[in-house]
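Trainee: Could you walk me through one part of this model up close, starting with how a pair of helices packs, and then carry on from there?

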Amino acid sequence: MTTELRWQNCVQHRSKEVQEFISKYLGDAKRQVLLIAGAGFDPRSTAVSDLVAATIGNRVRGLFIREERPNPDGELVDRATKNLERMTQFVPSHSSLPIKIFADDGAVIGGREAIQALEKLPLTDVTDVIIDFSALSRGVAFPIVRYLLERAQNSVPSFNLHLMVNDEPEIDSEVVSTACDKVGTIHGFKGRLGLDDTSRAAKLWLPQYACGQRAILDRIYNFVQPHDVCPILPFPSSNPRAGDELIEHYGQEFESVWEVDARNIVYADEKSPRDLYRTILRIDDARKRVFAEVGGSLLVLTPIGSKAMAIGALMAAIERDFPVAYIESIGYTVNFKKVDEHRMENGELVHVWLHGEAYQN
């Protein structure tokens, strides 16, 4: 029997649909909006704030997060500063929130620091909260979404919770992260990993792939120590050959390290969080039946690559309390020439309505 999915019919928009949604729904004069966004070096940082502010004017206030890592590259800092200046220009009612991603001893604290800051945030006069994934790391964005979703569910009055991202995989491929030396789970997403009741469970690792992440994926694989691996590849995708290129890029790992059976490759729409969300939960339902009598099944997710797909993994992780294995980035190397060639006009806006009035009935 298939379990009913919480977001089986979730409201999702893409491209021009997102602009229409902002104009028609958030354009209503009774809407009071809080926009939470990362003010990073990525040129996509400003896309959502520009669009929302241009549509609803002074009914939006911003909370712009500056992720602080040790010894950042000067050009990254300069670009982040310029993006923040643009965002604050379009959203005059705002506050800037610096978040330390690492403690002095190297411990990863970004997600925890973000939650502590949000606990002090008043939301009684807010009708809609938008979390813009475009320039937030997953280690910060995932805990924020989980916390605000729980807060929305328990608040009276409640508020609508929206996730948005300006997704452009071509830019992602030009940003190479330098991983820290600690492998673990994202704050709030340990799930049942490491518990006694899952010690005999058949572990399935579901990593999203992106080029240039071989070392990171190898370390996460050794941390999870899965019994099987189901790589998640984008299809359909903006680059029709993206899946084939990733298989070629990780060919040695597929054959010799992860021992991936071609039948275990998972394809999901690159621009549809709902598609990946449904796919992950279908896999979980099927494995529960198969492994029920021999210790159970445990899915472990690793969202790397497309942020639109990462939202789908986030939704699945929240619904079934899946662990999310992850390595935080201590720095970035960026091909700014290629990034500036792509810029924002090639990106596609994606919106998921996670909680609120759309689901009251």
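Mentor: Sure, let's begin with helix H1 (residues 16–26) and helix H2 (residues 47–56), which pack at an angle of about 35 degrees with their axes 10 Å apart. Before going on, some ground rules: this is a predicted model, where local features need pLDDT of at least 70 and side-chain atom pairs count only at pLDDT 80 or more, while totals for chains, interfaces and linings use all residues. Residues are numbered from 1 along each chain as its sequence is written, and side-chain values use heavy atoms, with hydrogens and water left out.

Helices (H or I, at least four residues) and strands (E, at least two) are DSSP runs, numbered from the N terminus. Axes are lines fitted to C-alpha atoms, for helices over the stretch in contact, and angles run from 0 to 180 degrees between N-to-C directions.

Back to our pair: H1 and H2 cross in a right-handed way (the near helix is turned clockwise from the far one by less than a right angle; anticlockwise would be left-handed). On the H1 side, Gln19, Ile22, Ser23 and Leu26 make the contact, and H2 brings Leu51, Val52, Thr55 and Ile56 (contact means heavy atoms within 4.5 Å). Sort those residues and you get five nonpolar, three polar and no charged. Here Ala, Val, Leu, Ile, Met, Phe, Trp, Tyr, Cys and Pro count as nonpolar, Asp, Glu, Lys and Arg as charged, and the others, Gly among them, as polar.

Now look at helix H5 (residues 138–154) and helix H11 (residues 307–320), whose axes come within 11 Å and cross at roughly 45 degrees. This crossing is right-handed too. H5 supplies Arg138, Phe142, Val145, Arg146 and Leu149, while H11 supplies Lys307, Ala310, Leu314, Ala317 and Ile318. That contact splits into seven nonpolar, no polar and three charged residues.

On to the strands. S10, S9 and S13 form an open sheet in the order S10-S9-S13, with parallel pairing (two strands pair if DSSP finds at least two bridges between them). Strand S10 (228–229) and strand S13 (297–302) are the edges, each pairing on one side only. Strand S9 (residues 202–207) pairs with S13 over six bridges, and Trp205 has Val300 of S13 as its bridge partner. Helix H7 (residues 214–224) packs on this sheet, touching S9, S10 and S13, and its direction makes about 165 degrees with that of S9.
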